[in-house]
Amino acid sequence: MSATLKVHVDPDKCQGHARCKALAPELFDLDEYGNAHEHGDGRVPAGLEDKAWLAKANCPEIAIDVIEE
Amino acid sequence: MSDSAHALPDSDRVLPEHPPVTDWVHDFDHTDPRWIEDPFPIWDELRATCPVVHTKRFQGCYLPTSYQAVKQIAHDTEHFSSRRIIVRDERPEIQKNAAPPITSDPPEHKSAKQLLLPPFTPDAMKKLEPRVRAICNELIDEFISDGQCDAAARYTKHVPVRTICHMLGIPEKDGDLFINWIHMILELSIKDEGMLKQAVQEMTAYFAAHIEERKQRPSDDLITTLMRAKGKDGQPLDDTHVLGSLRLLLIAGIDTTWSAIGASLWHLAKTPADRERLVSEPELMPTAVEELLRAYSPVTMAREVMKETTIAGCPVKPGNMVLLSFPAANRDPAVFPDAGKIVLDRKSNPHAAFGLGIHRCIGSNLARMEMTVALQEWLKRIPNFWLDPAGKVTWSEGTVRGPRQLPILFEKAT
Ligand code: HEM
Ligand code: SF4
């Protein structure tokens, strides 16, 4: 359960609903068109795991992957 | 099918009449009074029977009611075109550059959309927020001492109108003109195509004058931004493209947000437990806004079937329209447990109120900000309110559903 998480946004699926940015601003950034990409290398800092899952559960385009390393 | 009953004997086409619906599975009609008043049980019944139903009205139209079916259609731009996006009795001729990007398909869609996106990012909306907060308070000032108001006519309608005027750089008082044009385009034109033409002509003339003015004196408003934007060939947009985009932003941005704020206040007025919870736990606002958007999604778009295919196992044939019901998808219990219940802190809520796929609403960040601010300011000053039992709530028909008359009584905050 204590594995490190990484988030990844699939740019072909993301349509810029910005739900991820609202729920987990630390984990996602938006570009000038409002489309999302993971912040930095996508590694989820300890304590923010729930936010990663929450962002995934609320993305209407199923564009977010949460990977356990 | 029960269609012969309303086809005149010596007419070879169904006349634009709308007899009351008795068989929703084979003869649905989204302009039927029962649908306008309370569509939710109809959708639940249809979803349980067959996820895609058909009517011969409107010259032939399908209605998907499951999340999966709506999503599949929204993502399939090969079989389903956006060249017609409103289901009407008549099929007006297709116009080029009608209102890009909402009427565009790939490959034209992407470039038309990209030039509209930058002014609507969440960061851009943050800068606009203080003006919207002020607009809300100016509106509330006008009726707060009355202890009652028609919240649709005096509050929810004006918030998006004044906000978009402010963004476009046109006088906020011109908002009433827009409200009238939009009513003609979205509602009256379903049964009278002439209304559509008249409203579009008047809007075009209005904005043409504003474009001319900015050719002489550029400003830092959204009209000027659009005039400076470059199309995919690197050239500035021609005037018809700018005009089309302006018309679209108004048509898409006003009724929709008006409806979303109105439906939210309607829900809170009739649901004291949710109202009290939102007042005492203001930190719930973000999830509450998403939940109200899910449960009372105002916008139902349409597509035209271009090639035969199957959706959720049902054959779908060209020549028909599709009523793309994002609101029905958002009530699908397969995706949203307790779909009929409003859960202000719903955790998993991938709702489709702003569409799915490439046509995702350009104004979604603006609409969310307006809803949040309009509800916050209202609840701050009017925490205790309820529906006026002597008044009647009425709902709009057609593409956008929301309260158009919302009589409310309230206790003033001390
Ligand atoms: C709560 C308010 C709103 C709702 C529920 C809403 C809903 C929608 C939906 C469902 C679509 C998808 C249409 C489709 O799939 O064919 C859409 C598209 C669009 N909306 Fe909104 N909208 C709202 C507010 C706004 C605002 C405030 C604006 C701008 C000022 C706006 C501008 C647009 C535009 C330009 C499109 C076309 C996008 C495209 O085709 O790529 N909307 N909206
Ligand atoms: S919620 Fe999904 S679609 Fe929306 S911006 Fe984030 S990744 Fe993209």
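This passage walks through a predicted model, from its iron site to its salt bridges, helices, chain contacts and backbone details.

The iron atom of ligand 1 makes a natural starting point. Its only protein donor is B:Cys361, which offers its SG atom at 2.3 Å. In chain B, the stretch that holds B:Cys361 is the loop between α16 (326-329) and α17 (364-381). The loop between α16 and α17 also holds B:Asp338, a residue that has a positive phi of about 55° although it is not a glycine.

Helix α6 of chain B, residues 122-143, invites a longer look. Its 22 residues reach 31 Å from the first C-alpha to the last, close to the 32 Å expected at 1.5 Å a residue. Even so, the helix axis bends by about 45° at B:Leu128, and B:Pro130 follows within four residues. B:Leu128 itself is buried, as are B:Met125, B:Val132, B:Ile135, B:Cys136, B:Asn137, B:Leu139, B:Ile140 and B:Phe143 of α6(B). What do the buried residues of α6(B) pack against? Their partners in chain B are two strands, β4 (148-150) and β12 (407-411), together with the helices α7 (151-156), α8 (158-168) and α17.

One of these partners, α8(B), is mostly covered, with 10 of its 11 residues buried. The buried set comprises B:His158, B:Val159, B:Pro160, B:Val161, B:Arg162, B:Thr163, B:Ile164, B:Cys165, B:Met167 and B:Leu168. Just after α8(B) comes B:Gly169, with a positive phi of about 85°.

B:Pro160 leads on to another helix of chain B. Leaving aside neighbours within four places in sequence, B:Thr257 is in contact with B:Pro160, B:Ala367 and B:Glu370. B:Thr257 belongs to helix α13 (residues 255-270) of chain B. Is B:Thr257 buried or exposed? With a relative accessibility of 5%, B:Thr257 counts as buried, because buried means under 20% relative accessible area. From B:Thr257 to B:Thr22, the separation is 235 residues in sequence and 32 Å in space, taken from C-alpha to C-alpha.

Turning to charged side chains, a search of the whole structure finds 30 salt bridges over all chains. In chain B, B:Glu138 meets B:Arg131 at 3.1 Å, N to O. B:Glu138 is partly exposed at 32% relative accessible area, and B:Arg131 is likewise partly exposed, at 23%. Another pair joins B:Arg154 to B:Asp146 in a salt bridge at 3.8 Å, N to O. Here B:Arg154 is partly exposed, with a relative accessible area of 31%, while B:Asp146 counts as partly exposed at 44%. B:Glu281 and B:Arg277 also form a salt bridge, at 3.2 Å, N to O. For B:Glu281 the relative accessibility is 26%, which counts as partly exposed, and for B:Arg277, also partly exposed, the value is 27%. Chain A contributes a network of salt bridges that links A:Lys6, A:Asp41, A:Arg43 and A:Glu69.

The two chains also touch. Between them, 21 residues of chain B are in contact with 17 residues of chain A. The area buried between chain B and chain A is about 1,500 Å², 50% of it on carbon and sulfur atoms. How many salt bridges are there between chain B and chain A? The count is one, and B:Glu290 and A:Arg19 form a salt bridge with their closest N and O atoms 3.7 Å apart.

Some backbone details of chain B round off the picture. The peptide bond from B:Pro106 to B:Pro107 is cis, with omega near 5°. B:Pro107 sits in the loop between β3 (80-81) and α5 (108-114) of chain B. B:Phe58 has a phi near 55°, a positive value in a residue other than glycine. The place of B:Phe58 is the loop between β1 (52-55) and β2 (61-64) of chain B. With a relative accessible area of 3%, B:Phe58 is buried.

Note on methods. Residues numbered from 1 in each chain as written. Chains lettered and ligands numbered in written order. Predicted model: local features only at pLDDT ≥ 70, side-chain atom pairs only at ≥ 80, totals over all residues. Heavy atoms only, no water. Donors = N, O, S within 2.8 Å, 3.2 Å for Na, K, Ca; no water. Salt bridge = Lys/Arg side-chain N within 4 Å of Asp/Glu carboxyl O. Buried < 20%, exposed > 50% of the residue type's maximum accessible area, 1.4 Å probe, protein only. Expected span 1.5 Å × (residues − 1). Bend = angle between axes of the 7 residues up to and from the residue. Contact = heavy atoms within 4.5 Å. Buried area = accessible area lost by both parts, 1.4 Å probe.
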